[in-house]
Amino acid sequence: MGSDTKLVVVTGGASGIGEATARRFAAAGMTVVIGDLNSERGKRVAAELSEVGRDVFFYPLDLGSDNSIELFAEKVFNLHGVPEALVNSGGILQNAVRLLDMPIAEFDRLFDINVRGTLMVSRAFGAAMCDAGKGAIINLCSLTTFRASAQIGYAVGKAGLKMLTEVMAAEWGPKGVRVNAVAPGYTLTPAMQARIDSGERDPDAVVQKSALRRFVRPDEVADTIFFLCSENASAITGVTLPIDCGWLVTTAYSSYAAQP
């Protein structure tokens, strides 16, 4: 990202990958606006970074509410201007469930927040970026974008976000706006650590199925997002990039019938 870049918006920036991304851009001297449903945590992150001289602001954002998205965008435009980068990190997770057992209301909520929410935020800021003739947008996909998963609503949504990324890249590229996505693998966020501690996740199963034999760190995802928003990635758009310590290749390789 060039030195002329001033403003970055990060949804879901109060925790996990979103928080790591907000910290990465703030460390580079950018003004960062965090939007999140968790106001307590969002304010804490913004205050912590502000105390060390960073320009970081928090405003409440509910991705399941069109009105909340509209108010959030208006506040950003009125107080800070048009962002040069938007990172759509906000979303919710799903536990494994069989298709015939999954409540349709659960599917609808996942779609509304993860897919429709990303779309609506992207429309709100993308229009202004197109008018400005520049910008970079990053969507958050996952390994379930590429592999079947029992997290049905989550996986269908993340697969859909890949297509949304490609459509936006094709439509908005002529206006100077690049759109890419990252697909993090098993990332050792506080939420993941809590699931490991509670016995809901087996860390050895993750490590043994990853070529690099470890989890992804949140800061590694943040560094990749920063790169994709930078001038160093000026020719890259429409890409969904896995960041998975080689989980995708290892699971495919190890399941093949012929092994050396």
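Start with the whole chain coloured by secondary structure: the protein has nine helices and seven strands, taken as DSSP runs (helices H or I, at least four residues; strands E, at least two) and numbered from the N terminus. This is a predicted model, where local features need pLDDT of at least 70, side-chain atom pairs count only at pLDDT 80 or more, and totals for chains, interfaces and linings use all residues. Residues are numbered from 1 along each chain as its sequence is written, and side-chain values use heavy atoms, with hydrogens and water left out.

Next, show the C-alpha trace, which spans about 55 × 35 × 35 Å along its principal axes. Now switch to colouring by burial: 49% of the 260 residues count as buried, meaning under 20% relative accessible area with a 1.4 Å probe, protein chains only. Turn on contacts too (heavy atoms within 4.5 Å); of those with a separation of 6 or more, 72% join residues 24 or more positions apart.

Now select strand β4, residues 85-88. Ala 85 and Val 87 point one way, Leu 86 and Asn 88 the other, and all are buried.

Which strands flank your next views? Add strand β1 (residues 7-11), which pairs with β4 in the parallel sense over four bridges; two strands pair if DSSP finds at least two bridges between them. Zoom in on Thr 11 and you will find Asn 88 of β4 opposite.

Then add strand β5 (residues 135-140), another parallel partner of β4, again over four bridges. To finish, pick Leu 86: its bridge partner in β5 is Ile 137.

Methods
Buried means under 20% relative accessible area, exposed over 50%, partly exposed in between (1.4 Å probe, protein chains only).
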